[in-house]
Amino acid sequence: MRKYLQPVRILRMLAGALLSALALFSCAPAREKPLAKGLTAAEILGNPDYQAISYGGYRASTRDIQPTIPQLKEDLRLLSAMGIKLLRTYNVQFDEAANLLAAIRELQSEEPGFEMYLMLGAWIDCKNAWSGLPPDHDQESEQNEGEVARAVALAQEYPEIVKIIAVGNEAMVKWAASYYVQPGVILKWVNHLQGLKAKGELPASLWITSSDNFASWGGGGEEYHVEDLDKLIAAVDFISLHTYPMHDTHYNPEFWLAPPDAAVQDTLQQIDAAMGRALAYAQEQYRSVVDYVAALGLSKPVHIGETGWATQSNGHYGAAGSRATDEYKSALYYQAMREWTARDSITCFYFEAFDEQWKDAGNPGGSENHFGLINLKGEAKFALWGLVDEGRFNG
């Protein structure tokens, strides 16, 4: 039987009024020294008491319907009950990020002791991305400047909550063929933000990074090993890498199959062994980035900006494919990643908190809609059943 959380998660308040733009299309007036209360990124990242997760609050099948502040507060209370204290968002093009920050501030005022911080994402595209024209990966979109300005404005408005700005999401990896840019574009904006810190227009303790596939950080092929990447690694405050063994259960079938010399095992033992290989696979990709950074003679913290395991797929990872996706395998991967990263003082932004159906709206059974630990009905998936039984969500 499913374990149920708060029934309010089931409600869909789609008629809420959107907040005003909050002047997001220009930077807030420069402040001499923005006050950054609370812990700093340096104190939060790598701290096992500050678990992290990727978050999107969209209930509907389109981002045209933005989550309201009351809805976001419902989610925040659930995440806090799970022990989550650090969220990752992906863009500031919509009202969601501003609404989320307002919701966190309201909860901090209403509930003494409520603690939640943010890695704020600024989306970066190449020229002609998503336009129907051939993408020009050597030139950046004219939209990037406004996106970075909106992120700066929010970091200035909420310095006690925004502790990290991530410039780009999988914006350098070459399989993101619709929009990827060269590392020099990310370097430009990272240097811009570091310059604002140096001038006192952003808190000196605010950390700047980009969140990208492990290959883009030097852990992949030689095509990624370019001078601008090395300069970028030197410029960021830490590295935020992505690793997805689940996806490679399709693209690298040998990873999923039992080794030829494996002892005969029952199905459950085979699955458990495969998930052990999934953990080792993620650890190998993590080490490949650590080794590349070390080879440059640099010392940078390396954290996991994204990893996850879908619970459903009608494509590559489902019954007709690698059969990787179900709640049991997802729970094993979640637990293994949490145990490893806590033990080694690595922050892991697990992907993701809630299922979001807008990601593959035309294909409800698509894996992209089913990475959440909580589904759209407000049901805790198997990975969280232990917390439900502990009574974490009571009240």
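The following exercises, with worked solutions, concern a predicted model of a single chain.

**Exercise 1. Overall dimensions**

Determine whether the radius of gyration of the chain agrees or disagrees with that of a compact globule.

*Solution.* Begin with the chain length, which is 395 residues. A compact globule of that length would have a radius of gyration near 21 Å. The chain has 21 Å, so the value agrees with the globule rule. Next, consider the extents: the C-alpha trace spans about 65 × 50 × 45 Å along its principal axes. Finally, the secondary structure comprises eleven helices and twelve strands.

**Exercise 2. Burial, contacts and surface**

State what share of the residues counts as buried, and what share of the contacts with a separation of 6 or more joins residues 24 or more positions apart.

*Solution.* The cut-off for burial is a relative accessible area under 20%. By that criterion, 55% of the 395 residues are buried. Among contacts with a separation of 6 or more, 76% are between residues 24 or more positions apart. The surface completes the description: the chain exposes about 16,800 Å², of which carbon and sulfur atoms supply 53%.

**Exercise 3. Charges and salt bridges of helix α2**

Identify which residues pair with Glu74 and Arg77 in salt bridges, and where the partners lie.

*Solution.* Side chains of opposite charge can pair when their charged atoms come close. The chain carries 33 positive and 50 negative side chains, the centres of the two sets lying 5 Å apart. The salt bridges number 20.

Step one concerns Glu74, which pairs with Arg59 at 3.4 Å between the closest N and O atoms. Glu74 belongs to helix α2 (residues 69-81) and Arg59 to the loop between β2 (51-54) and α2, so the bridge ties together parts 15 residues apart in sequence. Both residues are buried.

Step two concerns Arg77, whose side chain meets that of Glu110 in a salt bridge with an N to O distance of 3.8 Å. Here helix α2, holding Arg77, is linked to helix α3 (residues 96-110), holding Glu110, across 33 residues. Arg77 is partly exposed, because its relative accessible area is 37%; Glu110 is likewise partly exposed, at 43%.

Step three places this pair in its setting: Arg77 and Glu110 belong to a network of salt bridges that also includes Lys73, Glu106 and Glu111.

**Exercise 4. A salt bridge with unlike burial**

Classify Lys329 and Asp326 as buried, partly exposed or exposed, and give the distance of their salt bridge.

*Solution.* The closest N and O atoms of Lys329 and Asp326 are 2.4 Å apart. Lys329 has a relative accessibility of 6% and therefore counts as buried. Asp326 has 24% and therefore counts as partly exposed.

**Exercise 5. Backbone geometry in loops**

Locate Glu170, Arg323 and Glu352 in the chain, and describe the backbone feature of each.

*Solution.* Glu170 is a non-glycine residue with a positive phi, near 45 degrees. Glu170 lies in the loop between β7 (162-169) and α5 (183-198), and is buried because its relative accessibility is 12%. Arg323 also has a positive phi without being a glycine, at about 55 degrees. Its place is the loop between β10 (302-307) and α10 (327-343), and a relative accessible area of 57% makes Arg323 exposed.

Glu352 is joined to Phe351 by a cis peptide bond with omega about 5 degrees. Glu352 is situated in the loop between β11 and β12. Gly362 is found in the loop between β11 (348-350) and β12 (379-380). Gly362 is exposed, at 76%, and its C-alpha atom is 8.8 Å from that of Ser61, 301 residues away along the chain.

Technical notes:
Residues numbered from 1 in each chain as written. Predicted model: local features only at pLDDT ≥ 70, side-chain atom pairs only at ≥ 80, totals over all residues. Heavy atoms only, no water. Helix = DSSP H or I, 4+ residues; strand = E, 2+ residues; numbered from the N terminus. Buried < 20%, exposed > 50% of the residue type's maximum accessible area, 1.4 Å probe, protein only. Rg over C-alpha atoms; globule rule 2.2 N^0.38 Å. Contact = heavy atoms within 4.5 Å. Areas by Shrake-Rupley, 256 points an atom, 1.4 Å probe, with all protein chains shown as cover. Lys, Arg positive; Asp, Glu negative; His and termini not counted. Charge placed at Lys NZ, Arg CZ, Asp CG, Glu CD. Salt bridge = Lys/Arg side-chain N within 4 Å of Asp/Glu carboxyl O.
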